Amino acid sequence: MNTGMPIGELAKEITRQRDAKRDFLAPTRKVAIGVVEREGWPAPVLAMDLINQGVATFNIGDVAHGQIAEKAGIPAKYYTRLKDEAPRLLAQNVNHWFQQAPEDEKRLIRVLDNRARALLSDRYRPLDNADLAEAAIPVLSDQHADIVASAVTEKHMYLKAVDPKLKGYITRQGHGFRQFGEDEIVWGVAITNSEVGLGRVSVSTFYVRSVCTNGAIVEQVLGKFHLGGRLGAGGDDGERFFSNEARAADDRAFFLSFRDVVKGALSEAVMKRTLDKINEAAGRGITGSVEKAVEVTARMLSLTGDEKSGVLRHLIEGADLSAWGLSNAVTRTAGDVKDFDRATELEAMGHQVVELGPADWREIAEAA
């Protein structure tokens, strides 16, 4: 399992980001792409006309580039080519389409370390990583859960924790609780947030396989879209956006519900439902070609070539040619991936193998 960074480092970084980040509301028509020279080559920057401050320019992160492309209606592949090969033409394209926006349309521009990291609707409701961590860590501590992985990336913040008291033993005949064996899972939760518009606050059930510390995301039990009332209603264009009392009260109410959901997910009853599925998967074997089975799996899960090779290698090394063994080969491959966002995606894909319906499993198991 990719464990990311120590929780102390995470806390330090999200606190730094909370103090350093800035939010701006600006009419779409006053947002533009400019071009500056860097090391002899033109590079795109985001420019905004701020009231009483003149024009401010910011570097542009990858997430914001994707959102600018979507807003301007430029296909991602072509946008990337323009950015890399013809940034001035990119600026002309984006600026033309931004100027066609309705006069009253505004964008929420999220900036960190002088880089525009997101370009969002003015209905986007920011939920702060630091606030979420401050709500999550005490409830995890109260449940005596151990944080086994944490990270903050350009896209998301993650907290993954397990409760050492909640253990289940995987067999092909049935399951037992708090038994030690060679195939034991420890139950927990995975908490995710995005400050840049890439999904909702979520709490998902999660487990770690004791024998190899593979982690797997099971299912989402809570989700909250970052969507609410229009920001800055009645305010001046281009003003920096600050939290108001109503928004703070709404956040407090959400975090109270959030604590209850985390506690509910860390329960033996919830774990038992997943153990039943895992044990059923452990009894479904691959009867055809192992290599073809992995090829079909890679197609179903949209794995890269390197990921497919990793799954095949780990499946053979694990010597468990069942749906459970294939699931573990995927989650074991997640541990080889340095990118924490992608590693987490693979952890979720691993459990998807356990959840496959009969027809999809037959396609894998009987591949020849």
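Start by selecting Asp336: at 38% relative accessibility it counts as partly exposed (between 20%, under which a residue is buried, and 50%, over which it is exposed, with a 1.4 Å probe and protein chains only). Its partner is Arg332, partly exposed at 31%. The two form a salt bridge (a side-chain nitrogen of Lys or Arg within 4 Å of a carboxyl oxygen of Asp or Glu), with the closest N and O atoms 2.7 Å apart.

Before moving on, a word on the model: it is predicted, local features need pLDDT of at least 70, side-chain atom pairs count only at pLDDT 80 or more, and totals for chains, interfaces and linings use all residues. Residues are numbered from 1 along each chain as its sequence is written, and side-chain values use heavy atoms, leaving out hydrogens and water.

Next, pick Lys165 and Asp163, a salt bridge with closest N and O atoms 2.8 Å apart. Lys165 is partly exposed at 43%, while Asp163 is buried at 3%. Then show Lys21, Arg117, Asp128 and Glu195, which a network of salt bridges links.

Now colour helix α1, residues 7-20 (helices are DSSP runs of H or I, at least four residues, numbered from the N terminus). Which residues of α1 are buried? They are Leu10, Ile14 and Gln17. Seen down the axis, they fall within an arc of 60° (taken from the directions from the helix axis to the C-beta atoms), so they line one face of α1. On the other side, Lys12 and Asp19 are exposed.

Finish at Trp324: leaving aside neighbours within four places in sequence, its contacts (heavy atoms within 4.5 Å) include Ile170, Tyr207 and Val354.

Definitions and conventions
Helix = DSSP H or I, 4+ residues; strand = E, 2+ residues; numbered from the N terminus. Expected span 1.5 Å × (residues − 1).
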